[in-house]
Amino acid sequence: MNSSNRSSATASVLAEFLPLYDKFVSMKEQYAHTEFGSKYGSLSIEDTFAKMGATEYSLEAGQDIDAYRMAAVESEYSTEIAKDMVIRQVAPGLEMEGNVIRAAQCVVSAGSEEEAAAVEAAPEAGEEE
């Protein structure tokens with residue numbers, strides 16, 4: 001098995017563990033300042049993912065939307081950011097050697113309200129007057 005096939009297979013397996021990953025991270029945050037948390041704080045699924053080669057990646061405002069690496073969880077009107085571009089990141093993504101394990105979540109620009117109003121007001125192509 002070559003490296004790219006191996007990393008693709010590993011990324012696929014790690015993706016199956018994402019619900020457990022999320023639960024562990026949530027519990028770690030919830031119990032961080034308790035006796036339970038202090039005893040088991042060294043157990044880290046994030047470290048395990050990292051040892052296997054998974055890394056977080058972030059998005060920047062103004063990036064073009066890439067459906068493979070990004071999941072739009074909301075859209076907002078924006079006069080500063082062009083339509084179909086990232087306004088802000090909601091959650092980072094996870095990848096392994098270019099294989100996306102979890103897409104980064106973001107808020108996407110719907111363009112300006114004026115542009116949206118102009119599109120709605122324009123007659124559709126082929127519509128008879």
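Two strands count as paired if DSSP finds at least two bridges between them, and the legends below use the word in that sense for a model that is predicted.

**View 1. The chain as a whole, with its helices and strands in sequence order.** In this predicted model the chain holds 5 helices and 6 strands, and reading along the sequence gives the pattern α-α-α-α-β-β-β-β-β-β-α. The radius of gyration is 20 Å, well over the 14 Å that the globule rule gives for 129 residues, so the chain is more spread out than a compact globule. The C-alpha trace spans about 70 × 45 × 25 Å along its principal axes. Buried residues account for 26% of the 129 residues, while the exposed surface of the chain comes to about 9,000 Å², of which carbon and sulfur atoms supply 51%. Among contacts with a separation of 6 or more, 69% join residues that are 24 or more positions apart.

**View 2. The open sheet formed by β1, β4 and β5.** The 3 strands of this open sheet are arranged in the order β1-β4-β5, and their pairing is antiparallel. Because β1 (55–57) and β5 (99–102) each have a single partner strand, they stand at the edges, and one side of each is left without a neighbour in the sheet. From one strand to the next the twist averages 45 degrees. Strand β4, which covers residues 93–96, pairs with β5 in the antiparallel sense over 3 bridges, and Leu94 has Arg102 in β5 as its bridge partner. Helix α2 (residues 18–30) lies across β4 and β5, and runs at about 55 degrees to β5.

**View 3. The open sheet formed by β2, β6 and β3.** Here 3 strands form an open sheet with the order β2-β6-β3, in which the pairing is mixed. The edge strands are β2 (70–76) and β3 (86–91), each of which pairs on one side only, and the twist from one strand to the next averages 30 degrees. Strand β6, made of residues 104–109, pairs with β2 in the parallel sense over 6 bridges. For Glu76, the bridge partner in β6 is Ser109.

**View 4. The nonpolar cores.** The largest nonpolar core has 11 residues, namely Ala11, Leu14, Leu18, Tyr21, Val25, Ile45, Phe49, Ala54, Leu94, Met96 and Ile101. At least two residues of this core come from each of α1 (3–16), α2, α4 (45–51) and β4, and α2 gives the most, with 3 residues. A second, separate core has 8 residues, including Leu59, Met70, Val100 and Cys106. Leu94 thus appears in this view as a member of the largest core, and in the second view as the bridge partner of Arg102.

**View 5. The surroundings of Ala110.** Ala110 is placed in the loop between β6 and α5 (113–121), and with a relative accessible area of 26% it is partly exposed; the range for that class lies between the buried limit of under 20% and the exposed limit of over 50%. When residues up to four places away in sequence are not counted, Ala110 touches Ser75, Glu76, Tyr77 and Lys83. Although Ala110 and Glu76 are 34 residues apart along the chain, their C-alpha atoms are separated by 5.5 Å. Glu76 is also the residue whose bridge partner in β6 is Ser109.

Technical notes:
Residues are numbered from 1 along each chain as its sequence is written. This is a predicted model: local features need pLDDT of at least 70, side-chain atom pairs count only at pLDDT 80 or more; totals for chains, interfaces and linings use all residues. Side-chain values use heavy atoms; hydrogens and water are left out. Helices (H or I, at least four residues) and strands (E, at least two) are DSSP runs, numbered from the N terminus. Axes are lines fitted to C-alpha atoms, for helices over the stretch in contact, and angles run from 0 to 180 degrees between N-to-C directions. Contact means heavy atoms within 4.5 Å. The radius of gyration is taken over C-alpha atoms; the globule rule is 2.2 Å times the number of residues to the power 0.38. Buried means under 20% relative accessible area, exposed over 50%, partly exposed in between (1.4 Å probe, protein chains only). Accessible areas come from the Shrake-Rupley method with a 1.4 Å probe; for residues, only the protein chains shown count as cover. A nonpolar core is a set of buried Ala, Val, Leu, Ile, Met, Phe, Trp, Tyr and Cys residues joined through side-chain atoms within 4.5 Å.
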